[in-house]
Amino acid sequence: MTSAEILQSRNIRPSLTRVMIFDYLRSHRTHPTVDEIHSALVAKAPTLSKTTVYNTVKLLSSEGIIKMITIEEQQARFDACADQHGHFLCTDCGTVYDFDTKMPTDNIPDGFDVFTKEVYFTGKCKKCKE
């Protein structure tokens, strides 16, 4: 499916800006920040503001189309892969890596409903250790 089709399937108007931002996130699996998304796209769309980028990623994450990653206290990053997976932040180079995770819900007390599961690790990546 195209980005526009995915947005339409969630009853979100696929404006040029929304499609451009979602396309960027889908093709750049680097977990970018709002500033990084803005910097990458402003050459193509000189009138694009950081506020527009922020509002778009906020909308997409609230609809479950993308994930907001809050592994760092100072900034949020965004991930077009909304499937369940974990994130590892290298504290040396700042790269965020995806990894598969299986999170048991067996230990959740009776009567509780789980809506989200987040797994974040921080440490040193393989490249930085070398």
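## Cysteines

A disulfide is taken here as a pair of cysteine sulfur atoms within 2.5 Å, and by this rule the predicted model contains zero disulfides. Cys-90 is accordingly in no disulfide, the nearest cysteine sulfur being that of Cys-93, 3.6 Å away. Cys-90 is also buried, with a relative accessible area of 1%.

A second cysteine can be described in similar terms. The sulfur of Cys-125 has its closest cysteine sulfur in Cys-128, at 3.7 Å, and because the cut-off is 2.5 Å this is too far for a bond. Cys-125, with 4% relative accessibility, counts as buried.

## The hairpin of strands 3 and 4

Strand 3, which covers residues 86–90, pairs with strand 4, residues 96–99, in the antiparallel sense, and the pairing runs over four bridges. Within this pairing, His-87 stands opposite Asp-98 of strand 4.

Five residues lie between the two strands of the hairpin, where Gly-94 takes a positive phi near 85°. The loop between strand 3 and strand 4 also holds Asp-92, a residue that returns below as a salt-bridge partner.

## Salt bridges between distant parts of the chain

The count of salt bridges comes to five. One of them joins the side chains of Arg-29 and Asp-98, with an N to O distance of 3.1 Å. This pair links distant parts of the chain, since Arg-29 belongs to the loop between helix 2 (16–27) and helix 3 (34–41), whereas Asp-98 lies in strand 4, 69 residues apart. Both partners are partly exposed: the relative accessibility is 42% for Arg-29 and 33% for Asp-98.

Another salt bridge is formed by the side chains of Lys-124 and Asp-92, at 3.5 Å from N to O. Here too the pair links distant parts of the chain, with Lys-124 in the loop between strand 5 (120–123) and helix 5 (126–129) and Asp-92 in the loop between strand 3 and strand 4, 32 residues apart. Lys-124 is partly exposed, with a relative accessible area of 43%, and Asp-92 is likewise partly exposed, with a value of 47%. Elsewhere, salt bridges that share partners join Arg-29, Asp-79 and Asp-98 into one network.

## A buried salt bridge

The side chains of Arg-77 and Glu-72 also meet in a salt bridge, with an N to O distance of 2.6 Å. Arg-77 and Glu-72 are both buried, in contrast to the pair of Arg-29 and Asp-98, where each residue is partly exposed.

Note on methods
Residues are numbered from 1 along each chain as its sequence is written. This is a predicted model: local features need pLDDT of at least 70, side-chain atom pairs count only at pLDDT 80 or more; totals for chains, interfaces and linings use all residues. Side-chain values use heavy atoms; hydrogens and water are left out. Two strands pair if DSSP finds at least two bridges between them. Buried means under 20% relative accessible area, exposed over 50%, partly exposed in between (1.4 Å probe, protein chains only). A salt bridge is a side-chain nitrogen of Lys or Arg within 4 Å of a carboxyl oxygen of Asp or Glu.
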